[in-house]
Amino acid sequence: MGKKGKREKKGKGAEKTAAKMEKKVSRRAKKEEEDLEALIAEFQSLDAKKTQVIESSCPPPSPRLNGSLSAHPEKDELILFGGEYFNGQKTYLYNELYVYNIRKNSWSKVEIPNPPPRRCAHQAAVVPTAGGQLWVFGGEFASPNGEQFYHYKDLWVLHLATKTWEQIKASGGPSGRSGHRMVACKRQLIIFGGFHESARDYIYYNDVYAFNLDSFTWSKLAPSGIGPAPRSGCQMAATPEGSIIIYGGYSKQRIKKDVDKGTLHTDMFLLKTEGAGKEEDKWAWSRLNPSGVKPTPRSGFSVAIGPNNRSLLFGGVHDEEEEESIEGDFFNDIYFYDIGKNRWFPGQLKGPKSEKRKRRRGRQAEAEGAGDEEVEKQPPQGPVEIVKEVVAEDGTVMTIKQVISGPAEEKERSESEEEEEDGALGQQVEPCPRSNAMLAVKHGVLYVYGGMFEVGDRQFTLSDLYSIDLHKMEEWKVLVEMDPKAQEWLEESESDEEDDDMEGAEGGEEEEESSEEESEDEGGEEQHPSVQPDEKHTDYLSRTEQYWIKLARSNMGPDAKEKKVVKVAHAMAKTFYEDSV
């Protein structure tokens with residue numbers, strides 16, 4: 001009894017502290033948000049000029065992260081909404097609606113009058129009502145310099161059958177936030193957690209709200225038991241029985257002035273209702289202790305519900321703090337959580353059954369066959385780290401780390417030349433490691449779009465699209481490819497153009513296309529030493545090394561260290577070699 005009383009007092013004290021912090025944050029944020037409201041209103045006035053629905057075929061959307069990708073409940077389509085893009089100087093927010101046709105592998109842009117304002121880090125959930133509805137709640141808008149934030153608390157529904165947006169105005173909902181999670185459960189939308197940030201303060205949430213899809217009313221749940229600590233970016237899944245599962249997430253706390261400590265959560269909770277999903281039902285938190293192999297600690301992972309009563313987690317980043325910098329290890333692995341068995345396990349690629357036979361028909365058949373035998377005799381016993389280096393147009397070397405957890409994947413990779421086993425993945429189709437990607441599952445197939453990774457202070461935002469059949473787990477398929485070399489990145493010292501403030505994704509797309517053309521012109525095969533028939537990578541490098549060192553030196557300038565010049569030269573040669581074979 002004594003322990004319980006102490007726990008209750010401690011809980012009430014934490015609630016009071018959270019309430020005080022929320023008031024403090026909201027006071028300071030109010031001024032910032034008033035400034036940004038004018039900019040949001042300006043964007044909305046542009047949207048208000050649209051009076052009819054215009055649907056047009058288009059190239060794939062420009063690079064972005066923190067948008068939402070949802071599977072249409074009735075059609076073979078994926079719906080992409082919102083997101084953000086940062087080019088080193090400016091932050092761009094989007095409210096465009098794109099539709100991906102799965103069967104045709106084609107994109108279309110759907111312009112609908114009176115859409116929600118531009119945003120990222122919102123949540124979207126699809127329900128099959130009346131031909132399909134896409135519900136959107138919250139998210140954030142940032143000033144072009146990325147230093148001021150506006151957090152939305154609005155609720156919207158896109159009626160997919162009639163292609164109309166509708167804002168639902170109902171009182172009693174969650175406060176403005178982003179990084180929260182929302183799922184459709186029975187006839188309710190359940191929202192958990194998230195955060196609110198101003199220029200100087202921030203607060204993380206662990207509250208739970210339900211929106212009734214029949215009465216269009218909000219209710220704040222008051223579950224019994226000890227629930228998760230405040231957090232954002234967690235995994236949230238609804239079970240067939242109407243319960244909610246929460247895993248992981250991220251939060252930070254201020255230790256002292258200007259010093260914050262981040263926490264990667266790895267705990268797991270079940271939120272269970274004792275009734276049939278009605279508003280008056282009692283809910284209760286309980287701790288889950290799953291078996292199996294849990295995901296390694298990370299933030300920025302993406303989540304989806306897969307077939308066979310399993311939720312899944314993809315990618316993410318684990319930041320390692322060094323003396324003067326933070327280095328992030330990015331992931332491209334998949335972890336499954338079996339809801340019925342309360343068990344985690346890593347997704348392992350099996351490799352297509354016919355792939356080995358197909359590859360042996362090629363000109364490198366003997367070498368690849370020998371590689372197969374070697375791996376079959378000596379499968380790796382533990383995780384294998386693979387490193388891939390790609391060179392950007394300005395000479396920046398992107399080092400992509402990847403951890404392979406099982407022998408099945410390594411067997412597939414080892415079919416390339418022995419010398420390239422240290423990370424040349426040119427022949428292997430798979431999404432590069434990333435965080436904040438957008439996921440959707442349709443007919444048991446997982447689709448991964450966009451996201452980002454970092455190299456030093458530079459951010460690479462992606463616009464590629466991959467898929468994998470979750471029933472077979474044989475191989476990734478690339479549906480939209482993106483060259484990481486064709487990336488716009490403006491250093492802080494470069495001049496800003498005020499006109500860019502009002503540009504949307506179209507401007508980014510044009511720049512991306514033109515930079516791709518430039519890279520093709522500059523880096524065409526006729527300008528570099530060509531790869532000879534059946535020439536191995538090591539032979540090509542030894543024959544052309546001085547050429548690549550000279551090229552790297554001209555790109556990096558006379559002050560670059562020799563060791564880095566050689567490293568860049570080797571990476572450039574490897575990239576060119578892989579593109580040529």
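Which side chains meet in a salt bridge at 2.9 Å, N to O? They are those of D260 and R254, and the views below start there. This is a predicted model, in which local features need pLDDT of at least 70, side-chain atom pairs count only at pLDDT 80 or more, and totals for chains, interfaces and linings use all residues. Residues are numbered from 1 along each chain as its sequence is written, and side-chain values use heavy atoms, with hydrogens and water left out.

**View 1. D260 and R254 form a salt bridge.** Here a salt bridge is a side-chain nitrogen of Lys or Arg within 4 Å of a carboxyl oxygen of Asp or Glu. D260 is partly exposed at 33% relative accessibility, and R254 is partly exposed at 38%. (Buried means under 20% relative accessible area, exposed over 50%, and partly exposed in between, with a 1.4 Å probe and protein chains only.) The structure holds 14 salt bridges.

**View 2. D267 meets R231 in a salt bridge.** The N to O distance is 2.7 Å. D267 sits in strand β20 (residues 259-273) and R231 in the loop between β17 and β18, so the pair ties together parts 36 residues apart in sequence. (Strands, E, are DSSP runs of at least two residues, and helices, H or I, of at least four, numbered from the N terminus.) R231 is buried, with a relative accessible area of 0%, and D267 is buried with 16%. Leaving aside neighbours within four places in sequence, R231 is in contact with residues including F192, Y204, Y250 and H265; contact means heavy atoms within 4.5 Å.

**View 3. R64 and E96 join in a salt bridge.** Their N to O distance is 3.2 Å. The pair links distant parts of the chain, 32 residues apart: R64 is in the loop between β1 (54-58) and β2 (68-71), and E96 in the loop between β5 (91-93) and β6 (97-101). R64 is buried at 0% relative accessible area, and E96 counts as buried at 10%.

**View 4. L439 lies in strand β29 (residues 438-442).** L439 counts as buried, at 8% relative accessibility. Not counting residues up to four places away in sequence, L439 touches several others, among them L69, V303, F314 and Y447. L439 and L313 are 126 residues apart in sequence, yet 9.4 Å apart in space, C-alpha to C-alpha.
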